[in-house]
Amino acid sequence: MKRVLFMFLLMPFLAISYAQEPAIVENAEQHRAVVDSLTMEEKEVAFHLVEEAALSAIDSIMDEGRYMQALDMLDYLQEDWKKLTNRAPSLRMYLKKANIQMYLEEWTELIATTEECLDVHKDDILEVEGVAALMYSMQGNGHRNLEKYRDAIRSYENAAYYYTKRGDLGGQGDMFCNMAYCYSHLNKYTMASSFYEKGLDKYLKYFDTTRFVLLRDDFYVKDPYKQTVLGVFAAHLFCMAVYEQDYGSRSASKDYLLMSAHCGDENARSEYRRIYGH
(Lines give C-alpha, C1' and ligand atoms only; values in the text may rest on other atoms or scores of the structure.)
Protein backbone atom coordinates (compact mmCIF):
# COMPACT_ATOMS: atom_id res chain seq x y z
CA MET A 1 0.00 0.00 0.00
CA LYS A 2 2.74 2.45 0.94
CA ARG A 3 4.56 1.69 -2.31
CA VAL A 4 1.37 2.59 -4.21
CA LEU A 5 1.23 5.88 -2.34
CA PHE A 6 4.85 6.62 -3.14
CA MET A 7 4.33 5.92 -6.84
CA PHE A 8 1.26 8.16 -6.85
CA LEU A 9 3.34 10.88 -5.29
CA LEU A 10 6.02 10.42 -7.93
CA MET A 11 3.71 10.46 -10.96
CA PRO A 12 3.95 14.17 -11.87
CA PHE A 13 7.73 14.02 -11.72
CA LEU A 14 8.10 10.70 -13.52
CA ALA A 15 6.28 12.40 -16.38
CA ILE A 16 9.55 14.22 -17.01
CA SER A 17 11.26 10.92 -17.77
CA TYR A 18 8.60 9.32 -19.94
CA ALA A 19 6.96 12.25 -21.69
CA GLN A 20 10.05 14.50 -21.80
CA GLU A 21 7.76 17.34 -20.75
CA PRO A 22 7.70 19.54 -17.65
CA ALA A 23 5.73 18.10 -14.76
CA ILE A 24 2.78 20.13 -13.55
CA VAL A 25 0.84 19.22 -10.42
CA GLU A 26 -2.66 19.82 -11.81
CA ASN A 27 -4.50 18.09 -9.00
CA ALA A 28 -2.62 19.60 -6.09
CA GLU A 29 -5.29 18.80 -3.51
CA GLN A 30 -5.27 15.11 -4.39
CA HIS A 31 -1.51 14.91 -4.14
CA ARG A 32 -1.48 16.92 -0.93
CA ALA A 33 -3.95 14.41 0.54
CA VAL A 34 -1.51 11.62 -0.23
CA VAL A 35 1.33 13.55 1.39
CA ASP A 36 -0.74 14.30 4.48
CA SER A 37 -1.58 10.60 4.90
CA LEU A 38 2.09 9.67 5.28
CA THR A 39 4.07 9.62 8.49
CA MET A 40 7.08 11.93 8.78
CA GLU A 41 9.45 9.05 8.07
CA GLU A 42 7.45 8.02 5.01
CA LYS A 43 7.40 11.60 3.77
CA GLU A 44 11.18 11.77 3.93
CA VAL A 45 11.44 8.58 1.86
CA ALA A 46 8.81 9.77 -0.63
CA PHE A 47 10.35 13.22 -1.05
CA HIS A 48 13.75 11.63 -1.59
CA LEU A 49 12.28 9.41 -4.33
CA VAL A 50 10.63 12.41 -5.95
CA GLU A 51 13.86 14.40 -5.98
CA GLU A 52 15.95 11.48 -7.26
CA ALA A 53 13.50 10.74 -10.09
CA ALA A 54 13.24 14.35 -11.20
CA LEU A 55 16.95 15.16 -11.05
CA SER A 56 17.83 11.91 -12.80
CA ALA A 57 15.48 12.83 -15.64
CA ILE A 58 17.03 16.28 -15.87
CA ASP A 59 20.52 14.75 -15.96
CA SER A 60 19.44 12.60 -18.90
CA ILE A 61 18.24 15.67 -20.78
CA MET A 62 21.54 17.44 -20.05
CA ASP A 63 23.45 14.41 -21.38
CA GLU A 64 21.67 15.03 -24.68
CA GLY A 65 22.93 18.62 -24.68
CA ARG A 66 19.48 20.14 -24.10
CA TYR A 67 20.51 22.56 -21.37
CA MET A 68 17.80 25.14 -21.99
CA GLN A 69 15.11 22.46 -21.70
CA ALA A 70 16.76 21.15 -18.54
CA LEU A 71 16.68 24.65 -17.08
CA ASP A 72 12.99 25.03 -17.94
CA MET A 73 12.25 21.69 -16.28
CA LEU A 74 14.12 22.73 -13.16
CA ASP A 75 11.90 25.81 -12.95
CA TYR A 76 8.80 23.61 -13.19
CA LEU A 77 10.27 21.15 -10.73
CA GLN A 78 10.92 23.83 -8.12
CA GLU A 79 7.41 25.23 -8.55
CA ASP A 80 5.79 21.79 -8.27
CA TRP A 81 8.05 20.82 -5.37
CA LYS A 82 6.71 23.72 -3.30
CA LYS A 83 3.10 22.78 -4.11
CA LEU A 84 3.57 19.10 -3.38
CA THR A 85 5.82 19.18 -0.32
CA ASN A 86 5.30 22.63 1.24
CA ARG A 87 9.10 22.80 1.35
CA ALA A 88 11.68 25.00 -0.28
CA PRO A 89 13.59 23.47 -3.22
CA SER A 90 16.56 21.46 -2.00
CA LEU A 91 20.20 22.50 -2.14
CA ARG A 92 20.74 19.92 -4.89
CA MET A 93 18.09 21.59 -7.05
CA TYR A 94 19.70 25.00 -6.59
CA LEU A 95 23.16 23.60 -7.33
CA LYS A 96 21.92 21.90 -10.50
CA LYS A 97 20.26 25.11 -11.66
CA ALA A 98 23.30 27.24 -10.91
CA ASN A 99 25.59 24.83 -12.75
CA ILE A 100 23.40 24.93 -15.85
CA GLN A 101 23.32 28.73 -15.73
CA MET A 102 27.11 28.74 -15.43
CA TYR A 103 27.34 26.53 -18.53
CA LEU A 104 24.90 28.75 -20.45
CA GLU A 105 26.68 31.91 -19.23
CA GLU A 106 23.44 33.35 -17.85
CA TRP A 107 25.26 35.51 -15.32
CA THR A 108 22.40 37.67 -14.05
CA GLU A 109 20.19 34.62 -13.57
CA LEU A 110 23.06 32.76 -11.89
CA ILE A 111 23.49 35.55 -9.34
CA ALA A 112 19.75 35.51 -8.63
CA THR A 113 19.79 31.72 -8.12
CA THR A 114 22.73 31.81 -5.71
CA GLU A 115 21.24 34.71 -3.75
CA GLU A 116 17.89 32.91 -3.46
CA CYS A 117 19.58 29.69 -2.36
CA LEU A 118 21.71 31.45 0.26
CA ASP A 119 18.60 33.19 1.60
CA VAL A 120 16.19 30.23 1.53
CA HIS A 121 18.73 27.88 3.09
CA LYS A 122 20.42 30.38 5.38
CA ASP A 123 19.71 28.22 8.45
CA ASP A 124 21.42 25.11 7.10
CA ILE A 125 23.67 25.97 4.16
CA LEU A 126 26.37 27.45 6.36
CA GLU A 127 26.72 24.08 8.05
CA VAL A 128 27.37 22.51 4.65
CA GLU A 129 30.60 24.41 4.13
CA GLY A 130 31.37 22.92 0.71
CA VAL A 131 28.00 24.00 -0.70
CA ALA A 132 28.29 27.47 0.80
CA ALA A 133 31.77 27.89 -0.71
CA LEU A 134 30.58 26.68 -4.10
CA MET A 135 27.53 28.96 -4.11
CA TYR A 136 29.58 32.04 -3.23
CA SER A 137 32.21 31.05 -5.80
CA MET A 138 29.65 30.77 -8.61
CA GLN A 139 28.06 34.01 -7.47
CA GLY A 140 31.47 35.68 -7.72
CA ASN A 141 31.91 34.31 -11.24
CA GLY A 142 28.58 35.83 -12.21
CA HIS A 143 29.56 39.27 -10.90
CA ARG A 144 33.02 39.04 -12.48
CA ASN A 145 31.64 38.21 -15.92
CA LEU A 146 29.31 41.20 -15.63
CA GLU A 147 32.41 43.27 -14.74
CA LYS A 148 31.04 44.01 -11.28
CA TYR A 149 34.42 43.44 -9.73
CA ARG A 150 33.76 44.81 -6.23
CA ASP A 151 30.71 42.57 -5.85
CA ALA A 152 32.73 39.66 -7.20
CA ILE A 153 35.47 40.22 -4.60
CA ARG A 154 32.94 40.17 -1.77
CA SER A 155 31.52 36.87 -3.03
CA TYR A 156 34.99 35.37 -3.45
CA GLU A 157 35.93 36.50 0.07
CA ASN A 158 32.93 34.61 1.45
CA ALA A 159 33.82 31.54 -0.61
CA ALA A 160 37.44 31.71 0.57
CA TYR A 161 36.23 31.82 4.17
CA TYR A 162 34.33 28.53 3.78
CA TYR A 163 37.13 26.89 1.80
CA THR A 164 39.47 27.86 4.64
CA LYS A 165 37.10 26.31 7.20
CA ARG A 166 37.17 23.11 5.16
CA GLY A 167 40.94 23.20 4.85
CA ASP A 168 40.58 23.16 1.05
CA LEU A 169 43.85 24.63 -0.21
CA GLY A 170 42.86 24.29 -3.87
CA GLY A 171 39.63 26.20 -3.27
CA GLN A 172 41.48 28.91 -1.37
CA GLY A 173 44.02 29.23 -4.17
CA ASP A 174 41.25 29.56 -6.74
CA MET A 175 39.46 32.29 -4.78
CA PHE A 176 42.63 34.28 -4.08
CA CYS A 177 43.57 34.22 -7.77
CA ASN A 178 40.03 35.26 -8.74
CA MET A 179 40.22 38.13 -6.29
CA ALA A 180 43.60 39.15 -7.73
CA TYR A 181 42.10 39.23 -11.22
CA CYS A 182 39.30 41.50 -10.00
CA TYR A 183 41.70 43.81 -8.15
CA SER A 184 43.79 44.16 -11.32
CA HIS A 185 40.68 45.33 -13.20
CA LEU A 186 40.04 47.87 -10.45
CA ASN A 187 43.62 49.15 -11.02
CA LYS A 188 44.62 48.04 -7.52
CA TYR A 189 47.87 46.44 -8.58
CA THR A 190 49.45 46.06 -5.16
CA MET A 191 46.42 44.10 -3.97
CA ALA A 192 46.37 42.08 -7.18
CA SER A 193 50.02 41.09 -6.83
CA SER A 194 49.53 40.19 -3.18
CA PHE A 195 46.55 37.93 -3.86
CA TYR A 196 48.21 36.24 -6.83
CA GLU A 197 51.11 35.37 -4.52
CA LYS A 198 48.69 34.06 -1.88
CA GLY A 199 46.87 32.01 -4.48
CA LEU A 200 50.11 30.56 -5.84
CA ASP A 201 51.24 29.63 -2.34
CA LYS A 202 47.98 27.78 -1.62
CA TYR A 203 48.16 25.88 -4.90
CA LEU A 204 51.78 24.85 -4.34
CA LYS A 205 50.84 23.51 -0.91
CA TYR A 206 47.81 21.73 -2.36
CA PHE A 207 49.96 19.91 -4.91
CA ASP A 208 52.85 19.53 -2.47
CA THR A 209 55.29 20.99 -4.98
CA THR A 210 57.49 24.05 -5.58
CA ARG A 211 58.04 26.70 -8.24
CA PHE A 212 61.32 25.01 -9.14
CA VAL A 213 59.57 21.73 -9.91
CA LEU A 214 56.94 23.46 -12.06
CA LEU A 215 59.63 25.37 -13.97
CA ARG A 216 61.71 22.26 -14.64
CA ASP A 217 59.37 19.87 -16.43
CA ASP A 218 55.76 18.86 -17.13
CA PHE A 219 53.76 18.27 -13.95
CA TYR A 220 51.25 15.41 -13.72
CA VAL A 221 48.73 14.19 -11.17
CA LYS A 222 46.83 10.89 -11.29
CA ASP A 223 43.73 11.71 -9.27
CA PRO A 224 40.88 12.88 -11.61
CA TYR A 225 39.72 15.60 -9.24
CA LYS A 226 43.26 16.91 -8.83
CA GLN A 227 43.59 16.92 -12.61
CA THR A 228 40.62 19.29 -12.75
CA VAL A 229 42.16 21.50 -10.07
CA LEU A 230 45.46 21.46 -11.96
CA GLY A 231 43.66 22.72 -15.07
CA VAL A 232 42.23 25.64 -13.10
CA PHE A 233 45.65 26.35 -11.59
CA ALA A 234 47.23 26.34 -15.06
CA ALA A 235 44.66 28.90 -16.25
CA HIS A 236 45.43 31.13 -13.27
CA LEU A 237 49.17 30.86 -13.99
CA PHE A 238 48.49 32.02 -17.54
CA CYS A 239 46.57 35.03 -16.17
CA MET A 240 49.45 35.73 -13.81
CA ALA A 241 51.85 35.70 -16.78
CA VAL A 242 49.69 38.22 -18.63
CA TYR A 243 49.40 40.36 -15.50
CA GLU A 244 53.17 40.41 -14.95
CA GLN A 245 53.74 41.25 -18.62
CA ASP A 246 51.42 44.25 -18.31
CA TYR A 247 52.13 45.47 -14.79
CA GLY A 248 55.07 43.57 -13.33
CA SER A 249 58.28 42.04 -14.61
CA ARG A 250 59.03 40.27 -17.89
CA SER A 251 61.08 37.67 -16.03
CA ALA A 252 58.16 36.75 -13.75
CA SER A 253 55.84 36.67 -16.75
CA LYS A 254 58.13 34.17 -18.50
CA ASP A 255 58.26 31.95 -15.41
CA TYR A 256 54.50 31.89 -14.94
CA LEU A 257 53.94 31.19 -18.63
CA LEU A 258 56.34 28.24 -18.48
CA MET A 259 54.74 26.95 -15.26
CA SER A 260 51.33 27.17 -16.88
CA ALA A 261 52.58 25.22 -19.90
CA HIS A 262 54.10 22.56 -17.64
CA CYS A 263 50.73 22.26 -15.85
CA GLY A 264 49.06 21.45 -19.16
CA ASP A 265 47.72 24.75 -20.51
CA GLU A 266 48.07 24.46 -24.31
CA ASN A 267 47.56 28.19 -24.86
CA ALA A 268 50.45 28.88 -22.51
CA ARG A 269 52.59 26.28 -24.30
CA SER A 270 51.89 27.84 -27.70
CA GLU A 271 52.45 31.36 -26.41
CA TYR A 272 55.75 30.40 -24.78
CA ARG A 273 57.02 28.88 -28.01
CA ARG A 274 55.87 31.92 -30.00
CA ILE A 275 57.68 34.36 -27.69
CA TYR A 276 60.74 32.40 -26.67
CA GLY A 277 61.13 30.02 -29.57
CA HIS A 278 61.27 26.72 -27.66
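Which residues is Met-135 in contact with, leaving aside its neighbours within four places in sequence? The legends below address this point and others in a predicted model.

**View 1. Surroundings of Met-135 in helix H7.** Leaving aside neighbours within four places in sequence, Met-135 is in contact with Tyr-94, Leu-95, Ala-98, Thr-114, Cys-117, Leu-118 and Ile-125. Met-135 has a relative accessible area of 0%, under the 20% limit, and is therefore classed as buried. Helix H7, in which Met-135 is found, covers residues 129–145.

**View 2. Surroundings of Ser-155 in helix H8.** Ser-155 lies within helix H8, which comprises residues 149–166. With a relative accessible area of 3%, Ser-155 is buried, because this value is under 20%. When neighbours within four places in sequence are set aside, Ser-155 is in contact with Tyr-136, Gln-139, Gly-140 and His-143. Met-135 and Ser-155 stand 20 residues apart along the chain, and their C-alpha atoms are separated by 8.9 Å.

**View 3. The largest pocket and its lining.** The volume of the largest pocket is about 470 Å³. Its lining consists of 21 residues, of which Ser-137, Tyr-163, Asp-174, Tyr-203 and Val-232 are the closest to the centre. Two or more lining residues come from each of helix H5 (91–104), helix H7 (129–145), helix H9 (169–185), helix H10 (189–206) and helix H12 (224–247). Helix H12 gives the most, with six residues. Sorted by class, the lining has 10 nonpolar, eight polar and three charged residues.

**View 4. Length and N-terminal cap of helix H12.** Helix H12 has 24 residues, and at 1.5 Å a residue it should span 34 Å. The C-alpha atoms at its ends are 35 Å apart, so the distance agrees with the expected span. Asp-223 caps the N-terminal end of H12, where a side-chain oxygen of Asp-223 lies 3.1 Å from the backbone nitrogen of Tyr-225.

**View 5. Buried residues of helix H12 and their cover.** The buried residues of H12 are Val-229, Leu-230, Phe-233, Ala-234, His-236, Leu-237, Met-240, Ala-241, Tyr-243 and Glu-244. An α-helix has 3.6 residues a turn, so residues three or four places apart point the same way. Among the elements that cover the buried residues of H12 are H9, H10, helix H11 (211–216) and helix H13 (250–262). H9 and H10 also give two or more residues each to the lining of the largest pocket.

Note on methods
Residues are numbered from 1 along each chain as its sequence is written. This is a predicted model: local features need pLDDT of at least 70, side-chain atom pairs count only at pLDDT 80 or more; totals for chains, interfaces and linings use all residues. Side-chain values use heavy atoms; hydrogens and water are left out. Helices (H or I, at least four residues) and strands (E, at least two) are DSSP runs, numbered from the N terminus. Buried means under 20% relative accessible area, exposed over 50%, partly exposed in between (1.4 Å probe, protein chains only). Contact means heavy atoms within 4.5 Å. On a 1 Å grid over the protein atoms alone, a cavity is a set of points where a 1.4 Å probe fits but cannot get out, and a pocket is an open set with protein on both sides within 12 Å along at least five of seven lines; lining residues have an atom within 4 Å of a point. Grid points are joined across faces, edges and corners, and a volume is the space filled by probe spheres set on the points. Ala, Val, Leu, Ile, Met, Phe, Trp, Tyr, Cys and Pro count as nonpolar, Asp, Glu, Lys and Arg as charged, and the others, Gly among them, as polar. The expected span of a helix is 1.5 Å times one less than its number of residues. A polar contact is a pair of N or O atoms within 3.5 Å; within protein, one must be able to donate a hydrogen and the other to accept it, and residues adjacent in sequence count only if both atoms are side-chain atoms.
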